[in-house]
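Dear colleague,

I am handing over the structure we spoke about, and my notes on it follow below. Please read them with the coordinates open.

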Amino acid sequence: MAKDYQCPACKSPVDPAATVCSNPVCRAELAFCSSCRDVTTYTLTVPASGRFKRDQYKCALCQNVGVKCLTWLSGGYCNGLARSSGRAFDQPFCASCNGRLGEVGRNVLGWSIVGAVGGLFKRPGK
Ligand SMILES: [Zn+2]
Ligand SMILES: [Zn+2]
Ligand SMILES: [Zn+2]
């Protein structure tokens, strides 16, 4: 399932994990959308409204709203937009991180990342 990804702004080939387009005249901010599974540009739609919320972004390709994956926010190698549920808690991780974390124990690694990000989510058991 090799797929060639391209920057939606300038159509250059890009790494699906790139957060910025490598084309020096473009430099568009890129994300990998969990809804349409493609590299996209995004726009901020709703700024974070509380300490447990993340900024919401709209995918330029499929118009779905997403939030930045916690791996990305904590400085990990990720550019995923996790699906936003529209409820109090959004998906913490993007589709690709969910796949990766499933192999190494999602809860342990997940909560340690949450701890590193700090304060975005309630800890288990309050
Ligand atoms: Zn570009
Ligand atoms: Zn999308
Ligand atoms: Zn991710």
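A residue is called buried here when its relative accessible area is under 20%, and exposed when that area is over 50%. T40 has a relative accessibility of 0%, and therefore counts as buried. Please keep in mind that this is a predicted model.

T40 belongs to strand β2, which runs over residues 38-40. Leaving aside residues up to four places away in sequence, T40 touches P8, E29, L30, A31, C33, C59, A60 and L61. With L61 there is also a polar approach, since a polar atom of the T40 side chain lies 3.5 Å from the backbone nitrogen of L61.

The zinc ion (ligand 3) has as its protein donors the SG atoms of C69, C78, C94 and C97, at 2.2 to 2.3 Å, and along the chain these donors follow the spacing C-x8-C-x15-C-x2-C. The arrangement is tetrahedral because the 4 donor atoms around the zinc ion (ligand 3) subtend angles of 107 to 114 degrees; for comparison, the ideal angle for four tetrahedral donors is 109.5 degrees. Both C94 and C97 are buried.

The largest nonpolar core consists of 11 residues, namely A31, Y42, Y57, C69, L70, W72, C78, L81, F93, C94 and C97. A second core, separate from that one, has 9 residues, among them Y5, A28, F32 and V39. In soluble globular proteins, nonpolar side chains tend to be buried together. As for C97, its contacts beyond four places in sequence are C69, T71 and C78.

With best regards

Methods: Residues are numbered from 1 along each chain as its sequence is written. Chains are lettered from A and ligands numbered from 1 in the order in which they are written. This is a predicted model: local features need pLDDT of at least 70, side-chain atom pairs count only at pLDDT 80 or more; totals for chains, interfaces and linings use all residues. Side-chain values use heavy atoms; hydrogens and water are left out. A nonpolar core is a set of buried Ala, Val, Leu, Ile, Met, Phe, Trp, Tyr and Cys residues joined through side-chain atoms within 4.5 Å. Buried means under 20% relative accessible area, exposed over 50%, partly exposed in between (1.4 Å probe, protein chains only). Contact means heavy atoms within 4.5 Å. Helices (H or I, at least four residues) and strands (E, at least two) are DSSP runs, numbered from the N terminus. A polar contact is a pair of N or O atoms within 3.5 Å; within protein, one must be able to donate a hydrogen and the other to accept it, and residues adjacent in sequence count only if both atoms are side-chain atoms. Donors are N, O and S atoms within 2.8 Å of the metal (3.2 Å for Na, K and Ca); water is not among the atoms, so sites may look incomplete. Four donors count as tetrahedral if all angles lie between 85 and 135 degrees; four count as square planar and six as octahedral if opposite donors are over 155 degrees apart and all others between 65 and 115; anything else is irregular.
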